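Good morning, colleagues. I should like to take you through one model, beginning with its sheet and ending with its largest pocket.

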Amino acid sequence: IPTPCATRIADKIAEQFENAVLLMLDGSKMSPDYRVPPIVMYERKDSRWILKDKHTIMLRQWEETRDIAGQMLESGDHALLVDFDSHLDDITRDWTNQKLNAKIAELASPANGSI
């Protein structure tokens, strides 16, 4: 269930984009072995955020995404992730995550068996 803070932010986004959705990750299902994407999606109807029917959601490349995330966890490259809050604490840290993006692109390249 989205928190009041999450719904307020999503409401502001929905004011500008009528087809906005609210995505949440289900932390209890975050595992390299979990075959289904751990994503919960809500859509706005009648000024409320309601759970979207999971059968109407199509997520492409989930297996590849899961495999790349697993490789990054194993190699320790996930530690390269810098969120904006960390950037505010130390402005020399790159919140655009260019190093991390390059690593992901390398892992997803056809030379590494991904498309």
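I will first state the conventions and then describe the sheet, the helix across it and the pocket.

The model is predicted, with local features requiring pLDDT of at least 70 and side-chain atom pairs pLDDT 80 or more, while totals for chains, interfaces and linings use all residues. Residues are numbered from 1 along each chain as its sequence is written, and side-chain values use heavy atoms, leaving out hydrogens and water.

Let us start with the sheet. It is open, antiparallel and three-stranded, in the order β1-β2-β3; strands are DSSP runs of E of at least two residues, and helices runs of H or I of at least four, numbered from the N terminus. Pairing requires at least two DSSP bridges. The edges are β1 (21–25) and β3 (48–51), each paired on one side only. Neighbouring strands are turned by 30 degrees on average, direction ignored. Between β1 and β2 (residues 39–45) there are five bridges, and Leu23 has Met41 in β2 as its bridge partner.

Helix α1 (residues 4–16) lies across β1, β2 and β3, at about 105 degrees to β3. Contact means heavy atoms within 4.5 Å; axes are fitted to C-alpha atoms, for helices over the stretch in contact, with angles from 0 to 180 degrees between N-to-C directions.

I turn finally to the lining of the largest pocket. α2 gives the most to this lining, with nine residues. By class, the lining divides into 14 nonpolar, six polar and three charged residues, where Ala, Val, Leu, Ile, Met, Phe, Trp, Tyr, Cys and Pro count as nonpolar, Asp, Glu, Lys and Arg as charged, and the others, Gly among them, as polar. A pocket here is an open set of points on a 1 Å grid over the protein atoms alone, where a 1.4 Å probe fits, with protein on both sides within 12 Å along at least five of seven lines; lining residues have an atom within 4 Å of a point.
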